Amino acid sequence: IQRDSRFAKLTEKHVKFFRELLGTESAVIDGVTKDATDDVEAFNSDWMRKYRGHTKLVLKPGSTEEVSKVLKYCNDNMLAVVPQGGNTGLVGGSVPVFDEIVINVSRMNQIRSFDEVSGSLVADAGCILEVVDNYLAEQGYIFPLDLGAKGSCHIGGNVATNAGGLRLLRYGSLHGNVLGIEAVLPDGTIVDDLSKLRKNNTGYDLKQLFIGAEGTIGIITGISILCPQRSKATNVAFFGLESYEKVQLAFREAKGKLGEILSAFELMDANSQDLVHKVTKNKRPLEGEHPFYCLIETSGSNAEHDSEKLEKFLEDVMENEIVSDGVVAQDQTQIKALWGWREGIPECLGHWGGVYKYDVSIPIQELYDLVDDTREKMDKAGLIGDTDEYPVVKVVGYGHMGDSNLHLNVATRRFDKKVEKELEPFVYEWIAKRNGSISAEHGLGIAKKNFIGYSRSDTMIALMKQIKNLYDPVSFPPLDDQSALD
Ligand code: FAD
Ligand code: 2HG
Ligand code: ZN
């Protein structure tokens, strides 16, 4: 794709305006009026180091009013922008494609209010997820979303991507938990829908449009969210299983026997654990190796009651030979260590070079077939092997079994066009044939944008474009069909 020349090029005059508007030194990082390219660089590349833009300006407004003034000015002056939160997104949506101005709300990082009775929290979009969760822990509450990137991602970024994470099975999607949103539209209009109400059937629920919109229709500056009470008792068990059929049986048993206290059911295959082991060198939780592993977490209010349930579950899955081996964490340190074998996968996979990531929803019975089929394809093409001449290290499958959400990762020694050609559109066609989704939780970004048609009909795409054009009317005709969703 080419830069649309109708967007203006950044000049010193523009930078001067932003400097006067935002004031302090830390609010504007620019490589236009001064040589600050190093500072700007961190904002130009994504977490995977797969996508790289060429911005010369990063703006960090400190209030919703400032975001509004920035966007209005950019709109009036035809300056392209990209919102960026913690920059942990995995589809290249948080970095500029060309020279778009990065708008980062990290200076907006205050908790605005918390209601200890209802559990509703109102906070700035730039708050870091882990910081908010630690604050909530002190009040006996928990943020209804948890994910491996919690130490860096923003809650605004989480809402913008409608992140799913490790406990969606228990707490549900952000579409259900977010009570209100404050956002700024491209023309500077402030959307003041920061309701704290659980129920509000007065007209369209417009905030839903911003959840998962990936910043395409506005910048989220604040959110209001319903937080559940933090469970007093948490248990984590880690199992080895001999087949994917057995994993499915274990999942059914877990839902049946642990029901209301089940808070996570995560799947990891042997390859993923092998790579984590190679990188971390940590002692494996179980003796020997197994084709599949799963991590089960329970969270409840009565430790004794929960342990009893878990014991019964363990007894059954062992007796019926559903699981081959298992271990239950005895304390917080062990809980953390077991979670490390799951949460650490994305980071460890990057160790060899590039990773091709596919985050897909598939009917649960067929979930793992995609990994086997992809591995076979790589093998047939002669691309996978143990030595440097092969680009692919391993084809790995893991993910949120509880949500039928697989993460197919192809760990490589380098990003390689031959590998990409084998994977795409193969993976997307495979998904479309099963009516799955080519993006379960990470979004479209730049990586999946052109493949939306594998999961959405032409009618649905046209409706989405109408909404995009309503909130962000392009004052010139779009270059082509695709550019309307940029
Ligand atoms: P960014 O990466 O900065 O941005 C993501 C997108 O949102 C971009 O399109 C950006 O333009 C837009 N955006 C950001 N902030 C705003 C805003 N204030 N207003 C409007 N638009 C905005 N995702 C999951 O769903 N589940 C997981 O389990 C999960 N685990 C992860 C584990 C790791 C180790 C990593 C690196 C990523 C993981 N992710 C996961 C992906 C990622 O989506 C989340 O980390 C997170 O939701 C992104 O938040 P962020 O603040 O980093 O957003
Ligand atoms: C996870 O569940 C994240 O760990 C990241 O969604 C998945 O890197 C990936 O493919
Ligand atoms: Zn995930």
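A residue is taken here to be near a molecule if its C-beta atom, placed from the backbone, lies within 6 Å of it. In this predicted model, that criterion gives ligand 2 a shell made up of L90, G148, I345, P346, K357, D359, H407 and N409. Two or more of these residues come from each of α13 (345-349), β14 (355-361) and β16 (405-412). Sorted by class, the shell around ligand 2 holds 3 nonpolar, 3 polar and 2 charged residues.

The strands β14 and β16 lead from the ligand to the sheet that contains them. This open sheet is built from 7 strands, ordered β13-β10-β12-β11-β15-β16-β14, and its pairing is antiparallel. β13 (325-328) and β14 have a single partner strand each and stand at the edges, so one side of each is left without a neighbour in the sheet. On average, and with direction ignored, neighbouring strands of this sheet are turned by 15° against each other. Strands of a sheet pair through backbone hydrogen bonds, either parallel or antiparallel. For β14 and β16 the sense is antiparallel, and the pairing extends over 7 bridges. Within the sheet, V360 stands opposite L406 in β16.

Two helices can be placed against these strands. Helix α14 (residues 369-380) packs on the sheet and touches β11, β15 and β16; the direction of α14 makes about 170° with that of β15. Helix α10 (residues 270-280) lies across β11 (262-269), β12 (292-300), β15 (392-400) and β16, and α10 runs at about 110° to β15.

Ligand 1 has 37 residues around it, of which G85, G89, G93, G157 and G215 come nearest. The elements giving two or more residues to this shell are β3 (81-84), α5 (155-161), β9 (219-226) and α13. Of these, α5 provides the largest share, with 5 residues. In terms of class, the shell around ligand 1 comprises 15 nonpolar, 19 polar and 3 charged residues. Helix α13 thus deserves a second look: α13 is listed among the contributors of two or more residues for ligand 2, and likewise for ligand 1.

Strand β3, one of the elements around ligand 1, belongs to an open sheet of 4 strands in the order β1-β2-β4-β3, with mixed pairing. Here the edges are formed by β1 (28-30) and β3, each of which pairs on one side only. Neighbouring strands of this sheet are turned by 20° against each other on average, direction ignored. β3 and strand β4 (residues 101-104) run parallel and are joined by 4 bridges. V82 has V102 in β4 as its bridge partner.

Helix pairs come next. Two packed helices are described by the angle between their axes and the distance between the axes. For helix α1 (residues 12-22) and helix α3 (residues 64-76), the packing angle is about 165° and the axes are 11 Å apart. Angles over 145 degrees count as roughly antiparallel, and α1 and α3 are therefore roughly antiparallel to each other. The crossing in which α1 passes α3 is right-handed. At this contact, F17, F18, L21 and L22 in α1 meet E66, K69, V70 and Y73 in α3. The residues involved divide into 6 nonpolar, no polar and 2 charged.

A second pair consists of helix α9 (residues 244-258) and helix α11 (residues 303-319), packed at an angle of about 150° with axes 10 Å apart. α9 and α11 are therefore also roughly antiparallel to each other, and their crossing is right-handed. From α9, the residues A250, E253, A254, K257 and L258 meet K309, L310, K312, F313, D316 and V317 in α11. By class, this contact has 6 nonpolar, no polar and 5 charged residues.

Finally, two backbone details are worth a visit in the viewer. Most residues other than glycine have a negative phi, and most peptide bonds are trans. R49, in the loop between α2 (37-44) and β2 (57-59), has a positive phi near 55°. A cis peptide bond, with omega about 10°, joins E424 and P425. P425 is placed in the loop between α15 (417-423) and α16 (426-433).

Conventions
Residues are numbered from 1 along each chain as its sequence is written. Chains are lettered from A and ligands numbered from 1 in the order in which they are written. This is a predicted model: local features need pLDDT of at least 70, side-chain atom pairs count only at pLDDT 80 or more; totals for chains, interfaces and linings use all residues. Ala, Val, Leu, Ile, Met, Phe, Trp, Tyr, Cys and Pro count as nonpolar, Asp, Glu, Lys and Arg as charged, and the others, Gly among them, as polar. Two strands pair if DSSP finds at least two bridges between them. Axes are lines fitted to C-alpha atoms, for helices over the stretch in contact, and angles run from 0 to 180 degrees between N-to-C directions. Two residues are in contact if their C-beta atoms, placed from the backbone, lie within 7 Å. Angles under 35 degrees count as roughly parallel, over 145 as roughly antiparallel, 65 to 115 as roughly perpendicular and the rest as oblique. A crossing is left-handed if the near helix is turned anticlockwise from the far one by less than a right angle, and right-handed if clockwise.
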